[in-house]
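Here are my notes on this one, jotted down while going through the model. Have it open alongside as you read.

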Amino acid sequence: MKPKQIFTALVNPLLLKILTVFFLISVTFATAWNFADAVPQNLSFKNPTLQQVIASPHRSAKNRARDRDRHPQETLEFFGVRPDHTVLELWAGGGWYTEILAPFLRDRGKLIVTNFDPAQNKLGKALQEKLAASPTIFGKVKVVTVEPPKKLKLAPKNSVDVILTFRNIHNWITGGYAEKVYAEAFQVLKPNGILGIEEHRAKAGTNLQESAKTGYIDEQLLIAEIEKVGFKFVSKSEINANPKDTKDYADGVWTLPPTLRLGEKDKQRYLDIGESDRMTLKFIKPSSL
C-alpha cells in the first residue's frame, strides 16, 4: 500500500468518529434547548417572588417576549396580588397570565381559572393540555368550566380575594352577558376584594356595543357599567397604555400584534405600533355591602 493510501485509511475513520461525536453532541443540546423552551419545567424555589416567576425558564420564550408590552410585574403589583391570596382569573385563554399566577400562588395561595369545555372548544382543550403538562407548576390550579351565558358559576360567595381578567370584556359585551359576569364576580369576591381589569381602550365617546366589535371599549362607559352592579372604582394605571395605537383599523385591534390579522400586509407598520393601547382598572367590593 502506498503512503498516501495508508494515510487516508488512518485519517478517514478518525475523522468520521470526530464528526459523529460532534453531531451527537449538537443534536443533544438542540433537543434539550427545544424541550426546555416548549415544556414548562419545575421551579426550583419555594415561595417565589413575582420577579423570580417572570424570569423563570418555565415560561415559554414566546410568552416572555411579550413582557415588554404586557408589563406583568407592574400590572399584578398594581392590582395588589399577594402570594397568599385566592385569585380567580376569568377567561384564562391560552394561559399567558396563568403561567405567572400559578407558581406565584402555588405555595401559599390559590388560583382558580375559568375554562371552556375542552370537549367542545379548541381553546379550552389547549388550556387543559397546558395545565396537565406540568403538574408541579399547575397541579394546584382549580379549573371552573363556564358556558356563557347559561353557566357562569365561578366560586362560592365571598371566597375570593382578587378577580382578574385580561382583554376579555369586549367578547362579553358582544356575547351579551357582560353584566352577568360582573354580577357574579361581585358575589364571589370577599368584602374589600379587588376586581382588576385590563382591556383595549377605545377613543373617548365611542359607542360601547359598536366599539366592542373592534375589540376596543370606552373607558368611562366601562367604569360606569361595572359600578352599576355595586363595585367602586378605585384607580387606574397607564402602565399598559400605548399612544401609538390609532384604533382605526378595519380589522379592529386584531390588526396589531400579536394577532397581525392582515398577515404580511403592512406588517412592519403594525409591529412598529406594538400591542394595543390598554386601560388597567382597579375596582373594590365595598365592605359595607
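1. Let me start with the core, bearing in mind that this is a predicted model. The largest nonpolar core has 35 residues, and the ones touching the most other members are Ile163, Trp172, Leu222 and Phe231. Contributions of at least two residues each come from strand 1, strand 4, strand 5 and strand 7, and also from helix 9 (169–175), helix 10 (178–188), helix 11 (208–212) and helix 12 (219–227). Helix 10 gives the largest share of this core, with six residues.

2. There's a second core apart from that one: 27 residues, including Phe79, Val81, Val113 and Val162. As a general point, nonpolar side chains in soluble globular proteins tend to be buried together.

3. Phe231 deserves a click. Ignoring neighbours within four places in sequence, phenylalanine 231 is in contact with Tyr182, Ala185 and Phe186, with Leu189 and Leu195, with Ile226, and with Phe283, Ile284 and Lys285.

4. Now the sheet. It's open, built from seven strands in the order 3-2-1-4-5-7-6, with mixed pairing. Strand 3 (142–145) and strand 6 (232–237) are the edges; each has a single partner strand, so one side of each has no neighbour in the sheet. From one strand to the next, the twist averages 20°.

5. Which strands does strand 4 pair with, and in what sense? Strand 1 (residues 86–90) pairs with strand 4 in the parallel sense over four bridges, and strand 5 (residues 189–200) also pairs with strand 4 in the parallel sense, over six. Isoleucine 163 is a handy place to see both: in strand 4 it is the bridge partner of leucine 88, and it stands opposite leucine 195 in strand 5. Strand 4 (residues 160–166) is mostly covered, with seven of its seven residues buried. Recall that Ile163 is also among the residues touching the most other members of the largest core.

6. At the strand 6 end, the sense changes to antiparallel: strand 6 and strand 7 are joined by five bridges. Phenylalanine 233 stands opposite phenylalanine 283 in strand 7, and Phe283 is also one of the contacts of phenylalanine 231.

7. Finally, two helices against the sheet. Helix 7 (residues 122–133) packs on it and touches strand 2 (110–115) and strand 3, with its direction at about 150° to that of strand 2. Helix 12 lies across strand 5, strand 6 and strand 7, and runs at about 25° to strand 7. Helix 12 also supplies at least two residues of the largest core.

Notes. Residues are numbered from 1 along each chain as its sequence is written. This is a predicted model: local features need pLDDT of at least 70, side-chain atom pairs count only at pLDDT 80 or more; totals for chains, interfaces and linings use all residues. Side-chain values use heavy atoms; hydrogens and water are left out. Buried means under 20% relative accessible area, exposed over 50%, partly exposed in between (1.4 Å probe, protein chains only). Two strands pair if DSSP finds at least two bridges between them. A nonpolar core is a set of buried Ala, Val, Leu, Ile, Met, Phe, Trp, Tyr and Cys residues joined through side-chain atoms within 4.5 Å. Contact means heavy atoms within 4.5 Å. Axes are lines fitted to C-alpha atoms, for helices over the stretch in contact, and angles run from 0 to 180 degrees between N-to-C directions.
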